[in-house]
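Student: Could you walk me through this one? I'd like to start with how far to trust it, then get into the details.

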Amino acid sequence: MRSAQTRVARLAALAVPAALGLTLLTGAPGMARPAAAPGLDAAAQQAGVLGALAGVTQPATELVALAAKSPDGTVPEADATRLRTAVGAAIDKLQAALPAAAPAAPVAAPGLPVTPPVGAPAEPPAGVPAVRAQAAPNDLVATAAANLRKSVDQLAAPAAPATTPAVGTTVLPAPAPAAVPAAPAEQVVKDTVNLVAATVLGGTALPKPDLAGLPALPGATG
């Protein structure tokens, strides 16, 4: 009996310091936790934006690579559906990771005062340049994202079936378009670059690049 009581006493002696140490590490209910290191929250948010941006570029470039391997530039249906879905989900994640931007300040023509518009914009007097508003950073990202969605949809679309003209039908050559649009794969690459540029340079989501030798880059703030 005494031996059992001795063992219980020893276990209690070990458990109390362990529980106390766990409380000090995790914090008791209502106890304030130690503050994060200065700048860590901002760095974590920026890393989240970079990770989301990488999530967009990976499936977009994979789609282009598959199209380049195909003799007719089309992507197998299963891969096209998978990558189209991945690009869309990654764009949603990127836009959700971006910090909310303050409304852009209006920019007046030289020599005119800047007056924030209140309510409906008034017509400027004759001969006076109209006040224009700078595009908000998230608006640029939204525009670039919409363009990328569109070009990815075009590249992922199945090839149109070839039609055979009926016997005796005269086939006239199609008129050349006034401006030849970029091939779908080339457009996906361009729209992906635009989305990266809009994210990196369009606002405060990421620090301003400061590598020596880079040209002056507008937009981003460090």
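What follows is a short back-and-forth on confidence, helices, charged pairs and two polar side chains.

Student: What does the protein average in pLDDT?

Tutor: Keep in mind that this is a predicted model, so confidence comes first. 52% of the residues score at least 70. The average pLDDT for the protein is 73.

Student: Where is confidence lowest, and where is it highest?

Tutor: The low end is strand 2, residues 132–133, with a mean of 42. At the other end the mean is 95, and that belongs to helix 3.

Student: Over residues 128–133, how many contacts does the model have beyond four places in sequence?

Tutor: Take residues 18–26 for background: pLDDT stays under 50 there, and the model has three contacts beyond four places in sequence. Residues 128–133 also stay under 50 in pLDDT. For that stretch, the count is 11.

Student: On to helix 2: how far apart are its end C-alpha atoms?

Tutor: Helix 2 has 30 residues, and at 1.5 Å a residue they should span 44 Å. The model agrees with that expectation. The end C-alpha atoms are separated by 43 Å.

Student: And which residues of helix 5 are buried?

Tutor: Helix 5 has 18 residues and reaches 25 Å from first C-alpha to last, close to the 26 Å expected. Looking down the axis, its buried residues fall within an arc of 130 degrees, so they line one face of the helix. On the other side, Glu186 and Val193 are exposed. The buried ones are Val188, Asp191, Thr192, Leu195, Ala198 and Thr199.

Student: Why does threonine 199 count as buried?

Tutor: Threonine 199 sits in helix 5, residues 184–201. The cut-off for buried is under 20% relative accessible area. Threonine 199 counts as buried because its relative accessible area is 2%.

Student: Which residues is threonine 199 in contact with, leaving aside its neighbours within four places in sequence?

Tutor: One of them is Leu94, which is 105 residues away along the chain, with the two C-alpha atoms separated by 9.1 Å. Val49 and Leu53, also in the set, are among the buried residues of helix 2. The full list is Val49, Leu53, Leu94, Leu98, Val141, Ala205 and Leu206.

Student: How far does the backbone oxygen of leucine 195 lie from a polar atom of the side chain of threonine 199?

Tutor: Both leucine 195 and threonine 199 are on the list of buried residues in helix 5. A polar contact needs N or O atoms within 3.5 Å. Here the separation is 2.8 Å.

Student: Is serine 70 buried or exposed?

Tutor: Serine 70 is in the loop between helix 2 (40–69) and helix 3 (77–97). A polar atom of its side chain lies 3.1 Å from the backbone oxygen of threonine 74. Its relative accessibility is 18%, so it counts as buried.

Student: How many salt bridges does a search of the whole structure find?

Tutor: The idea behind the search is that side chains of opposite charge can pair when their charged atoms come close. Over the whole structure, the total is four.

Student: How far apart are the closest N and O atoms of glutamate 62 and arginine 82?

Tutor: These two form a salt bridge. The pair links distant parts of the chain, with glutamate 62 in helix 2 and arginine 82 in helix 3, 20 residues apart. Glutamate 62 is partly exposed at 23%, and arginine 82 is partly exposed at 40%. The closest N and O atoms are 3.0 Å apart.

Student: By about how many helical turns are aspartate 79 and arginine 82 separated?

Tutor: Their side chains meet in a salt bridge at 3.3 Å, N to O. Aspartate 79 is partly exposed, with a relative accessible area of 24%. Because the two are three residues apart in helix 3, the separation is about one helical turn.

Student: Which residue forms a salt bridge with aspartate 92?

Tutor: The closest N and O atoms of this pair are 2.6 Å apart. One partner is in helix 4 (residues 137–156) and aspartate 92 is in helix 3, so the pair ties together parts 57 residues apart in sequence. Aspartate 92 is partly exposed at 44%. Its partner is arginine 149.

Student: Last one: which residues do salt bridges that share partners join into one network?

Tutor: Arginine 82 pairs with glutamate 62, and arginine 82 also pairs with aspartate 79. That puts three residues in one network: Glu62, Asp79 and Arg82.

Terms used: Residues are numbered from 1 along each chain as its sequence is written. This is a predicted model: local features need pLDDT of at least 70, side-chain atom pairs count only at pLDDT 80 or more; totals for chains, interfaces and linings use all residues. Side-chain values use heavy atoms; hydrogens and water are left out. Helices (H or I, at least four residues) and strands (E, at least two) are DSSP runs, numbered from the N terminus. Buried means under 20% relative accessible area, exposed over 50%, partly exposed in between (1.4 Å probe, protein chains only). Contact means heavy atoms within 4.5 Å. A polar contact is a pair of N or O atoms within 3.5 Å; within protein, one must be able to donate a hydrogen and the other to accept it, and residues adjacent in sequence count only if both atoms are side-chain atoms. pLDDT is the predictor's confidence in each residue, from 0 to 100. The expected span of a helix is 1.5 Å times one less than its number of residues. The arc is that of the directions from the helix axis to the C-beta atoms.
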